[in-house]
Amino acid sequence: MKSLSEIDTTSKRASRAAGFSWGVSEEIGKSIRLLELFGFQGVKTLNQYYETKPNQKFENLNLINEKNISENNSFCPITLGVNFLDQIRSIEKFKVITFNKVAFPLLMLPFLSRSSEIIGKKINVKFDQIEFLLNLNVNISSNILNQSCPISAENIVVSILENEDNFSEQEWKSLYKLSEDTFVEETDSLKEGAAGAGLTDND
Amino acid sequence: MQVQLRDPNIIMKLSRLGSFHQSRLSFLRSFLDEFKDWEYKNDLFDLDENGFGTAIYSFKKKERVYSLICFANKISDEERSDRVIATKWDAAFTLHDGIPSKRDIERLKNEVPKQEVGRLSYKELTLSRANKSVRVFNHVVESLSKGQQPDLDLLSKVGYLYRTTAVYGSGKFGLADRFRIKNREEINGPFRLEMMLVYLVRQFTFDQVNHVAKFKNPKTAVKLDSSICKNLGIGNSTGLGMAPFIVNHPTLLNNWIMSREIALKEIREIKKVNENEIKIFNNSLKNSIKNITTWNTDSEYQLKKIKSLLDNIQKFLIFIEKEFNFEIEYPFNEMYLWLEKNSCEECTEYVVSMMLEPFDRIVKPLISKMSSDEDQYFTIPTYRTVEDLRNIIEKRYPDILKINFEKKENNKNFWFISKNKEEPRYADRFEENGSELEQPLAIARDIKKLYEVLLVSKNSLTIDKFLIENSDLRHVVRRAFIIEKFPYSEIQDNTIGEEVIPIDMLRLKLSFFGALKFDPRSDKWLRICMFQGAPLPIDLKNFDQQWVYNS
């Protein structure tokens with residue numbers, strides 16, 4: 001088994017060899033490490049991308065907008081990912097960001113995952129029937145675990161989720177009520193003796 | 001009185017970093033402190049009459065066990081090489097997490113002797129190999145087998161029976177990644193497990209030499225005297241592989257240097273020192289002279305440094321004995337100021353190391369701050385502006401900005417990774433091929449380049465937008481934001497200039513390891529000795545903290 005450190009270093013060097021700057025290659029090393037740590041096929045997908053890259057043109061998306069459309073080629077997932085990460089504070093306000101076509105979309109996910117940590121909000125990524133939930137860079141949930149991610153995606157919708165409960169008030173109340181069974185009913189004597197503060201606080 | 005931390009622009013120069021010495025903060029010393037109350041055991045010693053076979057040593061505390069597995073193999077003299085191109089060694093080692101099963105041992109027997117071309121697993125933590133100092137090893141075997149102790153002069157000239165030629169950890173060749181073990185309390189300090197491996201290897205070398213001597217002549221053989229063992233360490237041959245490490249781990253480098261600087265600052269701020277503290281300082285200083293006078297090297301560069309160190313230390317000793325009074329207020333501050341005025345860099349840093357000796361109360365809390373969670377500082381704060389970044393560079397890299405990289409001598413060398421051994425190398429860009437594949441280790445040059453681009457960029461431009469057009473500078477943009485928070489994270493010198501001495505970078509790292517007797521064999525590799533004078537594992541429960549000087 002390869003260690004994550006080996007995966008990081010080799011991905012970084014391969015990315016430099018594939019033409020990215022050292023700084024971006026460092027980002028890619030960390031990203032592939034993250035994908036593999038979270039159980040996704042990072043090494044396999046990066047390899048496929050670099051095999052395709054010499055023969056296929058990809059669009060570099062530099063400035064991220066609410067709607068991002070490439071007329072001809074698919075967006076490069078690395079340039080898109082790096083710029084998404086760099087610009088996250090200014091694009092957070094869009095709430096929903098779309099990309100009409102992205103090559104090897106799995107490769108952009110780690111950058112979005114790190115963006116999720118920066119803004120402290122979960123990010124949802126959807127295309128076709130596939131869905132990813134990026135949880136503040138702690139993990140990535142998906143409905144394609146143990147399956148290959150498509151090598152291209154159309155109409156990708158990235159939603160920045162507001163921090164909201166994903167349960168109803170009633171569900172919370174019900175659970176809270178149960179938790180109250182661990183509390184002790186306070187008698188007068190406990191009220192006087194068991195708390196730290198005095199009974200007269202206006203002295 | 002408040003003393004300022006020393007200026008990184010002075011301390012982080014290569015000549016200063018290359019003058020650092022081991023200290024109370026050194027990793028091998030903090031390792032011994034941490035593991036002194038662990039149970040040490042030799043679990044297996046299955047060597048044949050020539051000393052070839054398998055041995056296992058362990059440290060245990062509660063449910064946690066670390067096991068060193070040693071494989072000693074027969075190699076011919078022609079095969080023995082300290083260079084990284086070697087493929088066979090007298091012995092190979094791995095530190096296993098837990099108690100190895102028979103299956104583990106069989107697996108490792110096949111992989112560990114192959115070193116870089118073998119595969120380890122997440123159950124192994126560190127990996128190393130070592131070669132005998134044949135001259136010393138054979139002499140010791142010969143002497144012991146005849147019932148005599150070996151010639152101490154010969155032993156003191158070399159200082160060890162074996163020398164390691166690499167110690168790997170942190171995920172190399174399939175070893176466990178650091179993140180798997182980083183929350184363990186006992187390894188809350190850099191290179192703890194690498195230190196453990198080297199320390200247990202030292203014990204293996206004594207056991208092996210005794211074993212071979214006994215088989216050579218069972219009737220007359222004696223064991224190597226434990227006081228002689230104590231004065232032997234483990235040698236190490238180190239090449240350029242270590243140099244990029246300190247460039248590639250800026251926050252870690254900062255935390256090492258910062259700990260030393262905080263310790264020095266706090267010691268200089270002590271108003272009155274007590275008798276015991278004075279005694280420890282004086283004894284350490286006087287006893288340490290032996291480590292200088294027995295420092296053997298053929299390197300003219302190092303001989304010059306040793307001579308200067310010795311001359312300056314003698315001058316300092318006279319000052320301490322005849323002119324200095326510990327009764328004054330802030331005595332260590334006065335002493336430090338005298339050193340800065342009257343002493344060479346090597347002597348100043350040597351005495352700074354001595355100053356740390358009496359003050360465990362200051363030093364010990366700093367040891368746990370010497371690691372770094374590097375990922376935490378990886379993301380570039382892209383909401384900041386060009387103006388912010390330019391101000392950081394002007395403040396943190398003042399001398400680097402003065403270097404003219406148009407001049408050939410300032411842009412002479414390049415760092416690269418060799419294809420055959422995947423190891424860092426250093427070469428003249430105007431005479432050798434390959435500079436187009438240069439590694440991103442010319443930080444000074446790239447920072448200067450970044451600065452020049454910033455000068456013509458709009459002040460209010462945010463870094464996310466700046467990076468769109470300047471992706472090639474991303475690696476140094478990241479570093480500049482790191483140095484803003486970590487002032488000692490960067491070497492304040494040009495690492496590709498004509499004048500650079502790469503072993504200064506190795507020396508810095510090795511001093512933090514706790515190495516003694518740096519012996520440069522060229523400007524690119526050197527030999528050192530580790531654990532010389534250290535307590536033996538059976539004596540760990542209660543040992544002299546100043547063993548480095550008192551052995």
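## Burial

In this predicted model, buried residues account for 37% of chain A, which has 203 residues.

## Overall dimensions

Chain A has a radius of gyration of 23 Å. A compact globule of 203 residues would come in near 17 Å. The C-alpha trace points to the same topic from another side: along its principal axes, chain A spans about 80 × 40 × 40 Å.

## Secondary structure and contacts

Chain A contains seven helices and six strands. Read from the N terminus, the order is α-α-α-β-α-β-α-β-β-β-β-α-α. Three helices thus open the series, and two helices close it. Four strands follow one another just before that closing pair.

How much of the contact set in chain A, counted at a separation of 6 or more, joins residues 24 or more positions apart? The share is 61%.

## Interface with chain B

Chain A meets chain B through 20 residues. On the other side, 21 residues of chain B take part. Four helices of chain A each supply at least two residues of the side that touches chain B: helix 1 (4-17), helix 2 (22-37), helix 4 (77-91) and helix 5 (109-119). Helix 2 of chain A gives the largest share, with five residues.

What classes of residue make up this side of chain A? Seven are polar and seven are charged. Six are nonpolar.

How values were computed
Residues numbered from 1 in each chain as written. Chains lettered and ligands numbered in written order. Predicted model: local features only at pLDDT ≥ 70, side-chain atom pairs only at ≥ 80, totals over all residues. Contact = placed C-beta atoms within 7 Å. Nonpolar A, V, L, I, M, F, W, Y, C, P; charged D, E, K, R; others polar. Rg over C-alpha atoms; globule rule 2.2 N^0.38 Å. Buried ≥ 20, exposed ≤ 12 C-beta atoms within 10 Å, placed from the backbone.
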